[in-house]
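Me: Got a minute to walk through this one with me? I'd like to start with the strands.

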Amino acid sequence: MDMRQSNQSPQRRATKFIPSPCPQTSFHPPCRGPCCNNHGVWTDRPATFSFRIAPYFYQTYGFYVLCAASVLAAGYGMHRGQMVVSAKIQRLEHQHALERERSRIAQEMHDDLGASLTEIGLLGELTERELSRPDAAAKHLQKLKQTTREVFRSMDEIVWAVNPKHDTLPSLVDYITRYSQDFLRIAGVRFRVDRPEDLPDIPLPADVRHNLFLAIKQALNNVVRHADASEVWLRVQLDTQHLRITLDDNGCGFDPAIVDRKRSGLANMKERLTGLGGKFELRDNPAGGTRAIFELPLKTLPASIAS
C-alpha cells in the first residue's frame, strides 16, 4: 500500500491510502515519542491498525470466472453455429443430388422405356400382319417377348433405384446378385456367386449404388454379347476401406486393339466408377476369359470386418 501524508495544519493530519493488489493491509501510523490514546493512556509503542480494502470489480475472482464463462459461451455458440450451417449445407447438397438423380431417371424413363414401348407396339403390328406366315409371326412374337422382359427389368431397376429403403450395401449386393442370375439365365450362361453371408448395413446414397449397378450391368451385357462365355463368376470382397466386385467369365477373352476401337461401353464404366471415387479395371482372367474389377472406397466401414 502507498501511504502519503499531508501536514496541512498542526491540528489536523491526513493520510491518503492508494489501494494495492493486496487486500489485507496493516497500517502503522507515525509516532514521535510517547503517544496517548483517547483514554489518556500514554505508551511508547506505536498503534497498529489492520483492515481490508475491497478490490475493484474487475479484480475479483467472480469477474475472472464471468470472463472465462463468456469466452466459453461465445466459442460454443460459434461452434454450434458452424455445425448448424454445415448440416444445412449437407442437406442442401443431398437434396440437390436427389434432384439430379430424379432428373436422370426421368430422362431414362423417357428414352429407354419410351423406345421400348414404341418397339412393342411396332412388333405387335408386324405380328398381326404376318399371321398368315407362322414363321415370321413367331420371330416377331419372340422379339416382342424379349422386349417386354427388358421393359419389366427397366421398371424394376427404376423402382429399386428411387426407393430410399434400398440405400444400403446389402441391398446393393442382393440386387446385383438377383439381376445377374436372372439376366444370365435367360442368356443361357451358368451363374456362380461368391459373397460374404453377412454384410454390414452401410448406407449408400442412391446415386452411388445406381451408378455402380449400371457399370456392372454394362459388363454383363458385354459378356453376353461378345465373350461367348458359358459361365460367369460374381465375387464380392469387403475390407475396412474398399468394396471390390469382380466379374470373371470363361469366354474368348479380349483383344486390346479391338477394345480400344469399341471403347464406348468401357469408357462409360470407367467414368461411372471414377465419378464415385473408385476405379474400373479390365484384364485377362488367369483361368481364361476376361476379368472385370469394380472397386469402390468405403471409408466408414468398421475395422471388425477386415478380412
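Me: OK, how do β8 and β9 pair, parallel or antiparallel?
Reply: Antiparallel, over 7 bridges, with β8 covering residues 231-238 and β9 covering 242-249. Keep in mind that this is a predicted model.

Me: And which residue in β9 stands opposite Leu-238?
Reply: That's Leu-243.

Me: Zooming out, what's the strand order in the sheet?
Reply: The order is β7-β8-β9-β11-β10, so to speak an open sheet of 5 strands with mixed pairing.

Me: Which strands are at the edges?
Reply: β7 (190-194) and β10 (279-284), each of which pairs on one side only.

Me: How many degrees of twist from one strand to the next?
Reply: The average is 15 degrees.

Me: Now helices. Which strands does α3 touch?
Reply: Helix α3, residues 169-187, packs on the sheet and touches β7, β8 and β9. Its direction makes about 175 degrees with that of β8.

Me: And what does α4 lie across?
Reply: Helix α4 (residues 206-227) lies across β8, β9 and β11, the last of these being 290-297. Relative to β9, α4 runs at about 15 degrees.

Me: Switching topic: where does Thr-274 sit?
Reply: In helix α6, which spans residues 264-275.

Me: What does the Thr-274 side chain reach?
Reply: The backbone oxygen of Lys-270, at 2.8 Å.

Me: And how far is Thr-274 from Glu-295 in space?
Reply: C-alpha to C-alpha, Thr-274 and Glu-295 are 9.7 Å apart, with a sequence separation of 21 residues.

Note on methods
Residues are numbered from 1 along each chain as its sequence is written. This is a predicted model: local features need pLDDT of at least 70, side-chain atom pairs count only at pLDDT 80 or more; totals for chains, interfaces and linings use all residues. Side-chain values use heavy atoms; hydrogens and water are left out. Two strands pair if DSSP finds at least two bridges between them. Helices (H or I, at least four residues) and strands (E, at least two) are DSSP runs, numbered from the N terminus. Axes are lines fitted to C-alpha atoms, for helices over the stretch in contact, and angles run from 0 to 180 degrees between N-to-C directions. Contact means heavy atoms within 4.5 Å. A polar contact is a pair of N or O atoms within 3.5 Å; within protein, one must be able to donate a hydrogen and the other to accept it, and residues adjacent in sequence count only if both atoms are side-chain atoms.
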